[in-house]
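Work through the exercises below with the sequence and the model side by side. Each task is followed by a solution that proceeds step by step.

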Amino acid sequence: MLAKELGKDRLVWMYTHMARIREFEERVKGTFAAHPGVIRGHAHLADGAEASIVGALATRQENDLVMPSYRCHGYPLVLGTSPRGLMAEIYTRKDGICKGFGGSMHLADPEHHFPGTTGIVAAGIAHAAGAALTAQVKKTGQVVYSFFGDGSSKQGAFYETLNLAAVWKLPVVFILENNEYQAYTHIGLEDANYIAGDPLSQKAKAFSIPGVTVDGTDPLQVYDEVGKAVDRARAGQGPSLIESKFYRLSPHGNAITVPPVPTQFQEHEAVEVYGNKKEYEAARANDPIPKFRAKLTGNGTFSDADAKCIEEAARAEMDDVVKFALASPFPAPEDAVKYVYA
Amino acid sequence: MAREMMFAEAIAAAIGEEMQRDSNVIFYGQNMAMTERDPFVKKFGKSRVRITPISETAELGIAVGAAMTGLRPIVELYMSEFMLVAFDQVINEAPRLRYMSGGQVKVPVVFKAGFGFAAGWAGQHSNCIYHTMMGIPGLKIAVPSTAADAKGLMASAIRDDNPVVYLHHYMLTLDKGEVPDGEYLIPFGVADVKRAGTDVTIVATGWMVKKSLAAAELLAKEGISAEVVDPRTLAPLDVKTIVESVKKTGRLVLVDQAPRHASAAVVIAGEVAEHGFQYLKAAVKMVTAMDTSVPYSEPMESYVLPSEEKIVQGVKSVLAMQAAAVQ
């Protein structure tokens, strides 16, 4: 089905999940200031990615698997994972979906088709292809969604995996989320295609698979192209590469500090490292959520009042999530010896 | 019933039997299953038996992802050093994912690789790198020394729900042994006393077991009774059986084809120092490779590696030691 044929329900569903992801990520970010010490290590946010995430996942069939990188909070929210469980995990608590064993970078909820994440850049691309191999060997008809950043696309794992996935015609869709920053490094310092003025989707040519670039701030454009790629994968035609372009509105992650120095989210690298305030302001002005909201109120999908309802519900939901997570107990220290071996 | 077969045949038999038993077991690697004439392809088809390009990161990473989602992949790596190309998947992905997920996933992979090829394969293809993988929580390591052990450990490796590195010594490939027919499983973490003795305990793995048994024969001619213990798995490691043996003999010689600080010997020595000190009548002796890479030319290759003669000398040096008086 094309995006233009989507019914009101589906469009409202998309907006609802975009709002929920934003509210969740704002809470994570806010925790660093409001409750220092509650979140440990490194957390990576998906604010700015909502349209890309939701537009892609709207194409899913119930059993399709989703395997993103460590910037992973947004996807399980759409898949139906308990947001209380996600926040409790990020808050190191026993009620976390990984019982406090993994944290922000290593969320997993196999029951909701989210087998797990790795914190090593690009390593998960191979894992996603592996999940697709399972689907192929067992003939389940599943497709696997592999999400990763532009930074991953210079790792060996990217090249090796895409080649082998193409050779084996694995039912996987590779979604390269290009937000033009790899941690603190601007893409113009590290990508030969970008430097030559070519889109990153061109990398697909190396494997003779379809590659297309989409506006990742428009969930319907993402929906259409990912949908086509998913159909191809499900029909046994193998993988595709979708370059989804959008801006991440937060910096790479909370500042890397060593205890006892407290950590928090600073300014986006565009401003902090490159002094490019204009670029950042433009990205903020192009925020996918108000943009989609305006589109949907504009074409009569919902009213301004309806949109406010959705936003308020998301706000209330995530307020509860924070309360729950703050009150959740810590794991018993001796739990640390569990789960080493199956 | 048992049959005589070669070490490599025994491994293939285990893989074939497990693939027959469980349709989730798949097998792939470079330069294998090239055509439909391949016996594994003939029996199990091209979906479950595949050829890969030279892409270890993808081979191992895909195995991890497939294992997380219900398959039981065996990856043929040929040489343990090739795992180094993709060591993130071996050390920092496969054994970590279950733990980090709070026990929600398991990663039942077998990474199969030959090692220790001391026949002129030189610096990069003759190594023993198991020390880099020992002690990594969540990762298991099997190192058979006989055809029967090769079969039993491979079957167990495939049935194990954890990531297993299965290392088979190249110099043992053609060695024959009695191998039980049908289902034969050797549990991990259970050492095997390959030769009973009373005067000294020799602990060895892989090809070094064979050399230690030959050394024990030479020693027996001089009236020295050596017990040879083969851990069979380096992780989990059966410290208990080793300490029991040291309790009996009072003397320990550790034989390892790796260089000293890169050996399993040094790990075992540490365990015995802590758990078996009271039984030792003499200091522990480690007979390992010298601290060089493995040279190409034969006289040099033999010079740096352990041999029957060096093992015999090691045993004699331990017997010659006076135990320090400890009250």
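Two residues are taken to be in contact if their C-beta atoms, placed from the backbone, lie within 7 Å. This is a predicted model, in which local features need pLDDT of at least 70 and side-chain atom pairs count only at pLDDT 80 or more, whereas totals for chains, interfaces and linings use all residues. Residues are numbered from 1 along each chain as its sequence is written, while chains are lettered from A and ligands numbered from 1 in the order in which they are written.

**Exercise 1.** Determine what share of the contacts in chain B between residues at least 6 apart in sequence joins residues at least 24 apart, and describe the packing of the chain.

*Solution.* Start with the contacts between residues at least 6 apart in the sequence of chain B, of which 78% join residues at least 24 apart. Next, consider burial, where a residue is buried if 20 or more other C-beta atoms lie within 10 Å of its own, exposed if 12 or fewer, and partly exposed in between, with the C-beta atoms placed from the backbone; by this criterion 56% of the 327 residues of chain B are buried. Finally, the C-alpha trace of chain B spans about 65 × 45 × 40 Å along its principal axes.

**Exercise 2.** Which strands of chain B stand at the edges of the open sheet, and what follows for each of them?

*Solution.* Helices (H or I, at least four residues) and strands (E, at least two) are DSSP runs numbered from the N terminus, and two strands pair if DSSP finds at least two bridges between them. In chain B, seven strands form an open sheet with mixed pairing, in the order β3-β2-β4-β5-β7-β6-β12. At its edges stand β3 (49–52) and β12 (233–235) of chain B, each with a single partner strand, so one side of each has no neighbour in the sheet. Within the sheet, β4 (residues 72–79) and β5 (residues 110–115) of chain B pair in the parallel sense over five bridges, and I74(B) has V110(B) in β5(B) as its bridge partner.

**Exercise 3.** How many residues does each chain give to the contact between chain A and chain B?

*Solution.* Chain B gives 36 residues and chain A gives 34 residues. On the side of chain B that touches chain A, the elements giving two or more residues are α2 (39–48), α3 (56–68), α4 (87–93) and α5 (97–100) of chain B, and the largest share, nine residues, comes from α3(B). As for confidence, the predictor gives the complex an ipTM of 0.97 and a pTM of 0.97.
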